[in-house]
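Student: I am new to this structure and would like to go through it step by step. Could we talk about it in questions and answers?

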Amino acid sequence: MFGGRLYRNVAKDFIRGLNFCIPFFDRIAYVQSLKEVAIEIPDQSAITSDNVVLHLNGVLFLKVKDPYLASYGVAEADFAITQLAQTTMRSEIGKITLDNVFKEREALNHQIVRVLGKAAEPWGIECLRYEIRDIQLPQKIKEAMQMQVEAERRKRAAILESEGQRESAINRAEGMKRSQVLASEGERIQITNKATGEAEAVRRLAESRAEAVRLVAAAIEEKGRSLLWGGAPQNGSKLSSHA
């Protein structure tokens with residue numbers, strides 16, 4: 001709160017607490033709030049570096065740091081800071097392309113706050129943050145962006161479809177390969193089992209034949225022995241009778 005003595009160019013800073021004014025001589029010239037306030041930045045046009053005209057508006061959050069400078073350093077501080085915000089936003093928008101306006105929106109807000117803070121420092125005002133609230137594009141730009149989005153969607157759909165077909169072909173090839181491997185594995189096992197069975201049959205046949213030969217040989221040997229021992233006593237008796 002600031003008071004000015006009537007008919008004098010003297011400014012007095014009322015401090016917190018009890019203050020006195022002399023009637024008819026002292027008056028309250030300015031009242032400054034030290035709270036954070038939000039100022040709406042009206043719609044304005046700006047041209048990007050790729051020559052696209054945009055219409056933007058925003059909200060500026062600021063705080064009075066020095067009430068004396070805010071009162072006597074500038075006339076109509078709100079109007080001055082609004083005009084400064086508009087010119088700063090136009091200047092910063094002109095440095096970037098349309099795509100970067102959307103991609104670097106947060107960085108753009110910080111840059112505007114930095115420039116505003118430096119310019120408003122002599123006025124005793126601190127710029128806390130700036131937010132671009134709305135961005136309006138020309139109708140032709142909107143249509144072009146919509147066509148670009150649709151083309152990108154069709155491209156993604158085609159890519160997804162081709163990837164699906166590729167995955168399907170790979171799966172079919174893997175299935176055929178797996179079935180062939182299983183078929184060859186089954187055939188190999190079948191051949192192995194058949195060969196094992198045939199070998200076992202040959203072995204058993206050989207064993208049975210060997211056993212038959214052994215039995216025949218044993219029978220012949222037994223018969224020969226019986227013939228040999230059966231004819232020996234008769235020959236001895238004949239020899240004794242001749243004697």
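What follows is a conversation about a predicted model, taken one topic at a time.

Student: How many aromatic pairs does a search of the whole structure find, and which residues form a pair that is tilted?

Tutor: The search of the whole structure finds one aromatic pair. Its planes are at 40° with 5.2 Å from centre to centre, and since planes count as tilted when they are neither under 30 degrees nor over 60 degrees apart, the pair is described as tilted. The residues that form this pair are Tyr68 and Tyr72.

Student: Where in the structure is Tyr72, and how far along the helix are Tyr68 and Tyr72 separated?

Tutor: Tyr72 has its place in helix H1, which covers residues 67–72. Because Tyr68 and Tyr72 are four residues apart in helix H1, the separation between them is about one helical turn.

Student: Is Tyr68 buried, partly exposed or exposed?

Tutor: A residue is called buried under 20% relative accessible area and exposed over 50%, with partly exposed in between. Tyr68 has 40% relative accessibility, so the residue counts as partly exposed.

Student: Which residues make the nonpolar surface patch of about 290 Å²?

Tutor: Two members of the patch are the tyrosines of the aromatic pair, Tyr68 and Tyr72, and Tyr72 is itself partly exposed, with a relative accessible area of 36%. With the remaining member included, the patch is made by Tyr30, Tyr68 and Tyr72.

Student: Which residue forms a salt bridge with Glu36, and over which ring does the charged end of that residue sit?

Tutor: In the salt bridge of Glu36, the closest N and O atoms are 2.9 Å apart, and the partner is Arg129. The pair links distant parts of the chain, with Glu36 in strand E4 and Arg129 in strand E6, 93 residues apart. The charged end of Arg129 also sits 4.2 Å from the centre of a ring, and that ring belongs to Phe61.

Student: With which residues is Glu131 in contact, leaving aside its neighbours within four places in sequence?

Tutor: Glu131 is placed in strand E6, residues 125–136, and is partly exposed at a relative accessible area of 33%. Once its neighbours within four places in sequence are set aside, the contacts of Glu131 are Asn57, Gly58, Val59, Phe61 and Asn109.

Student: Why is the phi of Asn51 worth a remark, and what is its value?

Tutor: Most residues other than glycine have a negative phi. Asn51 lies in the loop between strand E4 (36–47) and strand E5 (53–64), and at 65% relative accessibility it counts as exposed. Its phi is positive although the residue is not a glycine, with a value near 65°.

Student: Where is Glu76 found, and what is its phi?

Tutor: Glu76 is found in the loop between H1 and helix H2 (77–93), and is exposed, with a relative accessible area of 59%. Glu76 is likewise not a glycine, and its positive phi is about 55°.

Student: Which residues are joined into one network by salt bridges that share partners?

Tutor: Among the 11 salt bridges of the structure is one between Arg203 and Glu207, whose closest N and O atoms are 2.5 Å apart. Both residues lie in helix H5, four residues apart, or about one turn of the helix. Salt bridges with shared partners extend this into one network of Glu200, Arg203, Arg204 and Glu207.

Notes
Residues numbered from 1 in each chain as written. Predicted model: local features only at pLDDT ≥ 70, side-chain atom pairs only at ≥ 80, totals over all residues. Heavy atoms only, no water. Patch = residues over 30% accessible without salt bridge, like charges linked within 9 Å, V, L, I, M, F, W, Y side chains within 5 Å. Areas by Shrake-Rupley, 256 points an atom, 1.4 Å probe, with all protein chains shown as cover. Salt bridge = Lys/Arg side-chain N within 4 Å of Asp/Glu carboxyl O. Helix = DSSP H or I, 4+ residues; strand = E, 2+ residues; numbered from the N terminus. Buried < 20%, exposed > 50% of the residue type's maximum accessible area, 1.4 Å probe, protein only. Phe/Tyr/Trp six-rings, centres within 6.5 Å; stacked < 30°, edge-to-face > 60°. Lys NZ or Arg CZ within 6 Å of the ring centre and 35° of its normal. Contact = heavy atoms within 4.5 Å.
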